[in-house]
Amino acid sequence: MKWFSKLSSDSQCGIEKIKMRRCFLIIILFIALNAIVLPNAQQVMLAVALVVGAIVASYYKITITQLALVLIGLSWLVTMLYIVVGAIHGAPIQAAVQTIFIYMVSPALWLIVIDRAWKTLGVDKIVQSFAVLAAIAAASVAVYMFLFLNFGPQAVAVFGSRANVHIESGYSGVIMHVSGSLIFLGAAFASSPSILPSRLFGILILFALALACIASGRTLAIGGLIVGAAFHFLSNPSTILKRLFTTLPLFAVLGFGILQSMDFLLDVDVVQLLNRHLNKAVSGDVERPAQIAALMRGAEETWFLGAGHGIGVDYIRSTDFPWRYESVFFALIYKLGIVGTLVLCLPLIYSIALFLTRQIRGAARKYDAFFGSALVAVTLAANTNPYPEAFTFQWMFLIPIYYFISTRDSASLNPVRGQT
């Protein structure tokens, strides 16, 4: 009877694990759709799902590496220190609460969920899932434009507030939060167009992403494609010529297809549109330079030691939250000082340095370019948009950082040379 009792107990435990796994996968699917395809549309629901996902993930053993824990601990220490400094300088309680959530609670929840998703699915399935989500994200831009142009703003309420589509001669643009996700996805798949088991599917995904990025009219999304393409050609010095002869014609065909599609569907000249984005990137805007200059003046006044979280400068970007700025890294230098900013950004710095070092040495692993180029693209984007301080977009930074810091070598991560 003892063996029967033990067998029954083991069977019950196995069933319970299967149920927990299914429950977690459903939560992950909900989080992924809301964070990647519909970011900022349902923030409360996403936050609740993230908390529930972390609770379910805590049922299992969390396997984040010691290095990651040390880096996270240092960032938390810096955050708490400068919350105190900000409070001494008169920062409001609301700023302290926001800072704790954005820089401590939210990243911790994301990392717990990411860790369990990684152990449940594995890196191969995660990348394949990104491909499916990329297709849905790209399709959402087309659906959004169709509904808005034919049925008005009320038809796209599910995508979030401030709905608008602007199409004119030589320009196409939409106000959609998914454009932030397109920066990550465009860079990732442009750097690794043949990363998926089906090369044709990978090419179709890249075409859909490129079309969505251009149609959305977001300069940063188009920039993500450029970053990814650059890393594709430069990721392995020994294959540059090979990739120029094999992949460059493919990119040219995709470009021609996008040009014809934009002209046929929206009557928009892609060449004129890209020239407009190039001029914007070169000339920039007025607000960002003025904001950065004010932040650097403030940093200089504090001897680059940090004014503290919740403290703003005389250049106000938000009347509701006067301590928050789009140029996140410059704002961090002002709030935390140079040393504090470096410590806080150590996980990011370490990940990008590891990625670039592997590229230079020709020792890149299979998914290095995929996650590394995406991380570089979103980091560049953070200089003009506060993606790191939006919990809905923190996955764009934390997933690549997790990949470089917390993953172990496996067959799917071994060095891959000569991949085209």
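These are my notebook entries on one helix, the cysteines and the aromatic rings of this predicted model.

**Entry 1, helix α8.** I started with α8, which covers residues 219-234. At 1.5 Å a residue, I expected its 16 residues to span 22 Å, and the end C-alpha atoms are indeed 22 Å apart, so the two values agree. Next I looked up which residues of α8 are buried; among them are Thr219, Ile222, Leu225, Phe231 and Phe233. Gly224, Gly228 and His232 are buried too.

**Entry 2, cysteines.** How many disulfides does the structure hold? I found zero. I then checked two cysteines for exposure. Cysteine 213 is buried, with a relative accessible area of 0%. Cysteine 23 has a relative accessible area of 34%, so I noted it as partly exposed.

**Entry 3, aromatic rings.** The structure holds 19 aromatic pairs. I picked phenylalanine 130 and phenylalanine 370: their ring centres are 6.2 Å apart and their planes are at 50 degrees, so I wrote the pair down as tilted. This pair links distant parts of the chain, since phenylalanine 130 belongs to helix α5 and phenylalanine 370 to helix α14, 240 residues apart. Both phenylalanines are buried. Another pair, phenylalanine 146 with phenylalanine 151, is edge-to-face, with 6.2 Å centre to centre and 70 degrees between the planes.

**Entry 4, a cluster and a charge.** Which cluster do Phe130 and Phe370 belong to? They sit in one aromatic cluster whose members include Trp118, Phe184, Trp395 and Tyr402. Phe231, which I had met as a buried residue of α8, is also one of its members. Last, I looked at tyrosine 60: the charged end of arginine 116 sits over its ring, 4.3 Å from the centre.

Technical notes. Residues are numbered from 1 along each chain as its sequence is written. This is a predicted model: local features need pLDDT of at least 70, side-chain atom pairs count only at pLDDT 80 or more; totals for chains, interfaces and linings use all residues. Side-chain values use heavy atoms; hydrogens and water are left out. Helices (H or I, at least four residues) and strands (E, at least two) are DSSP runs, numbered from the N terminus. The expected span of a helix is 1.5 Å times one less than its number of residues. Buried means under 20% relative accessible area, exposed over 50%, partly exposed in between (1.4 Å probe, protein chains only). A disulfide is a pair of cysteine sulfur atoms within 2.5 Å. Rings of Phe, Tyr and Trp (its six-membered ring) pair if their centres lie within 6.5 Å; planes under 30 degrees apart count as stacked, over 60 as edge-to-face and the rest as tilted. A charge sits over a ring if NZ of Lys or CZ of Arg is within 6 Å of the ring centre and within 35 degrees of the ring normal.
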